[in-house]
Amino acid sequence: YYSIPKSPFLPFPNLAAFTRDLRVMHDCGVTGMFIQANEGAIVSDSGDLVELKWYLMAQLMWNPHQDVETVIRDFCNGYYGPAGPDMLRYVSASQRPENFVNNEPENDFHRGLQQKYPGFHTLTSSHAPMNPDKLEELDAILLAAVAKTGDQQPYLDRVRSSRLPLD
């Protein structure tokens with residue numbers, strides 16, 4: 001279940017987590033899967049990189065061991081057009097767990113899980129906010145992306161939609 005029900009628009013660094021999960025499941029012999037990921041679908045068809053996340057999940061279900069960076073770069077260049085390189089920088093910056101606060105386990109049970117499964121962790125009903133100084137960095141990247149699209153549609157609307165988590 002790869003969504004944050006209370007905050008579908010806020011940046012959430014789960015690309016590495018579901019990539020790792022799909023690879024582990026494949027390596028364990030799982031041959032079929034249903035992924036529930038409703039990020040943004042409840043209120044609109046946008047959210048925190050929702051289009052990229054859907055695309056990446058679909059690609060990884062076909063081949064979980066393909067080069068994820070290549071898939072993300074190809075998506076960004078195709079989906080965002082002239083803003084592709086800036087959006088690739090945004091994806092990279094918005095997915096770094098160290099950019100978020102409150103990434104500490106709430107109790108011994110969660111602390112044990114975090115030690116056993118390192119990475120970014122939060123309860124599904126909560127959301128770890130991003131460090132304020134990192135929001136400025138992301139905003140600057142997205143402003144550059146908007147500038148590169150000029151008035152080219154649909155790229156301009158797609159980049160603007162990606163700004164929703166920061167607005």
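Trainee: Which helix holds Tyr-155?

Mentor: In this predicted model, Tyr-155 lies in helix α7, residues 155-162.

Trainee: Why is Tyr-155 called partly exposed?

Mentor: Its relative accessibility is 22%. Buried would need a value under 20%, and exposed one over 50%, so Tyr-155 at 22% falls in between and counts as partly exposed.

Trainee: What does Tyr-155 touch, leaving out residues up to four places away in sequence?

Mentor: Its partners are Gly-78, Tyr-79, Tyr-80, Gly-81, Pro-82 and Thr-149. Ala-83 is also worth a look: 72 residues separate it from Tyr-155 in sequence, yet the C-alpha to C-alpha distance is 7.6 Å.

Trainee: You mentioned Tyr-80. Which residues have the most contacts inside the largest nonpolar core?

Mentor: Tyr-80 is one of them, along with Leu-56, Ile-72, Met-87 and Tyr-90, in a core of 29 residues. Helices α1, α2, α3, α4 and α6 each supply at least two residues, and α3 gives the most, with six.

Trainee: What makes Ile-72 a good example of contacts between residues distant in sequence?

Mentor: Set aside its neighbours within four places, and Ile-72 is still in contact with Leu-15, Leu-52, Leu-56, Leu-88 and Val-91.

Trainee: Now the surface. Which residues form a nonpolar patch there?

Mentor: Val-30, Met-33 and Met-61 do, with about 230 Å² of accessible area together.

Trainee: How do you know that Met-61 is accessible enough to belong to a patch?

Mentor: Met-61, in helix α2, has 42% relative accessibility. Patch residues need over 30%, so Met-61 passes that cut-off. Because 42% lies between 20% and 50%, Met-61 counts as partly exposed.

Key:
Residues are numbered from 1 along each chain as its sequence is written. This is a predicted model: local features need pLDDT of at least 70, side-chain atom pairs count only at pLDDT 80 or more; totals for chains, interfaces and linings use all residues. Side-chain values use heavy atoms; hydrogens and water are left out. A nonpolar core is a set of buried Ala, Val, Leu, Ile, Met, Phe, Trp, Tyr and Cys residues joined through side-chain atoms within 4.5 Å. Buried means under 20% relative accessible area, exposed over 50%, partly exposed in between (1.4 Å probe, protein chains only). Helices (H or I, at least four residues) and strands (E, at least two) are DSSP runs, numbered from the N terminus. Contact means heavy atoms within 4.5 Å. Patches are made of residues with over 30% relative accessible area and no salt bridge: like charges are joined within 9 Å, nonpolar side chains (Val, Leu, Ile, Met, Phe, Trp, Tyr) within 5 Å. Accessible areas come from the Shrake-Rupley method with a 1.4 Å probe; for residues, only the protein chains shown count as cover. A salt bridge is a side-chain nitrogen of Lys or Arg within 4 Å of a carboxyl oxygen of Asp or Glu.
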